Amino acid sequence: MPGNDPRLPHPRTGRLFGSPVPPGAGWPGDPAKRTTPVAHTAAEVAALAAAAPSLPLLDAQVSVCRACPRLVAWREDVAVQKRRAFAEQPYWGRPIPGWGARRPRVLIVGLAPAAHGANRTGRVFTGDRSGDQLFAALFRAGLVDAGVSIDAADGLGTRDVRIVAPVRCAPPANKPTPDERTTCAPWLTAEWQRVRRHVRVVVTLGGFAWQVALGLLADELAGRPKPVFGHGAQVRLDSGAVLLGCYHPSQQNMFTGRLTPAMLDDVFTTAAALAHGQ
């Protein structure tokens, strides 16, 4: 994996890292080791995802994946070039594993990492304005223990939530190709299989995430009309779990008022109540 010298200090720990960060270098929350198996092709993604014996090992394999050459080149170029505001920080520059509880009651499905957010910090929805809105709403709903997510060493925790992305690398123009989405899909499928028995609520952030969730839930939705996405849409599943729709907390949606903090609160207050059988 290429690096950018000289190394720079992590903004919280002060430890020096190159950009992108090599696995096993000591980055906060890095699930991988130097010896973690690396997928270089779609077939290897499928094989490793299916065979991963545990969620932590699955997270580790996700975090070193190199199966999509365009995405690998882009995420690492961003990590080297950086945004001016973060020029003195190291960038994670690798795929983003799921974050949160290993036995989540609430699964939140997003889209893809932000180039200067999760691709910089190494944690999904962390370091960008979308994440600021999301974690503030989760905190108000009692689903996380702090209202801000700054970096992977900030101590943020949860007993209820896991946040995942269907595409694990930051894509150019925020648009992964269909082939890239297909290549990445086995990671999420495997993650879902390892947590689904605990999940009481699936919250999708946007219409694309809704379609991804419908695929994960295909066995429970067989024979039904295809549910239509909408903010606040609810679908009761055969297992008793609930699928909830939510507009994505993007800067554009929040700025235009299509989504407001009150609307986010409605969704996550509902999710919290459903997750705890209320």
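Q: What makes S3 and S5 count as a pair, and in which sense do they pair?
A: Two strands pair if DSSP finds at least two bridges between them, and S3 and S5 are joined over two bridges, so they meet the cut-off. The pairing is antiparallel, and Gly100 stands opposite Arg162 in S5. This is a predicted model, in which local features need pLDDT of at least 70, side-chain atom pairs count only at pLDDT 80 or more, and totals for chains, interfaces and linings use all residues. Residues are numbered from 1 along each chain as its sequence is written, while side-chain values use heavy atoms, with hydrogens and water left out.

Q: How do we know that S4 and S5 pair, and which residue stands opposite Ile108?
A: Four bridges join S4 to S5, which satisfies the rule for a pair. These two strands run parallel, and Ile108 has Ile163 of S5 opposite. The names themselves follow a rule as well, for helices (H or I, at least four residues) and strands (E, at least two) are DSSP runs, numbered from the N terminus.

Q: Why are S3 and S7 said to stand at the edges of the sheet?
A: Six strands form an open sheet in the order S3-S5-S4-S6-S8-S7, with mixed pairing. Strand S3 (99-100) and strand S7 (234-236) each have a single partner strand, so one side of each has no neighbour in the sheet. For S7, the pairing with strand S8 (residues 242-246) is antiparallel over three bridges, and Arg236 has Val242 in S8 as its bridge partner.

Q: Which residues of S5 point one way, which point the other way, and are they buried or exposed?
A: Val161 and Ile163 point one way from S5, Arg162 and Val164 point the other way, and all are buried. A residue is buried at under 20% relative accessible area, exposed at over 50%, and partly exposed in between (1.4 Å probe, protein chains only).

Q: Why are Val45, Leu48 and Ala49 placed on the same side of H1?
A: In helix H1 (residues 42-51), Val45, Leu48 and Ala49 are buried. These residues cover an arc of only 100° around the axis, which puts them on the same side of H1; the arc is that of the directions from the helix axis to the C-beta atoms. The face turned away from this buried side carries the exposed residues Ala43, Ala50 and Ala51. The buried residues of H1 pack against helix H2 (55-62) and H6.

Q: Why is Arg103 called exposed?
A: Arg103 has a relative accessible area of 62%, and the cut-off for exposed is over 50%, so the term applies. Arg103 lies in the loop between S3 and S4. Not counting residues up to four places away in sequence, Arg103 touches Arg159 and His198, where contact means heavy atoms within 4.5 Å.

Q: Why is Asn119 called buried?
A: The relative accessible area of Asn119 is 1%, and buried means under 20%, so Asn119 falls within the definition. Asn119 lies in helix H4 (residues 118-121). Leaving aside neighbours within four places in sequence, its contacts include Arg75, Tyr91, Trp92 and Ala170.

Q: What makes Leu274 count as buried or exposed?
A: Leu274 has 19% relative accessibility and counts as buried, because the limit is under 20%. Leu274 is located in helix H10 (residues 261-275). Among the residues it touches, beyond those up to four places away in sequence, are Arg200, Gln234 and Val242. Leu274 and Val242 are 32 residues apart in sequence and 7.8 Å apart in space, C-alpha to C-alpha.

Q: What makes one space a cavity and another a pocket?
A: On a 1 Å grid over the protein atoms alone, a cavity is a set of points where a 1.4 Å probe fits but cannot get out, whereas a pocket is an open set with protein on both sides within 12 Å along at least five of seven lines; lining residues have an atom within 4 Å of a point. The largest cavity holds about 100 Å³ of space and is lined by 17 residues, with Cys65, Cys68, Cys169, Cys184 and Trp187 nearest its centre. H6 gives the most to this lining, with four residues. The largest pocket holds about 790 Å³, and of its 29 lining residues Ala112, Ala114, Ser130, Asn174 and His248 lie nearest its centre. Both volumes are the space filled by probe spheres set on the points, with grid points joined across faces, edges and corners.
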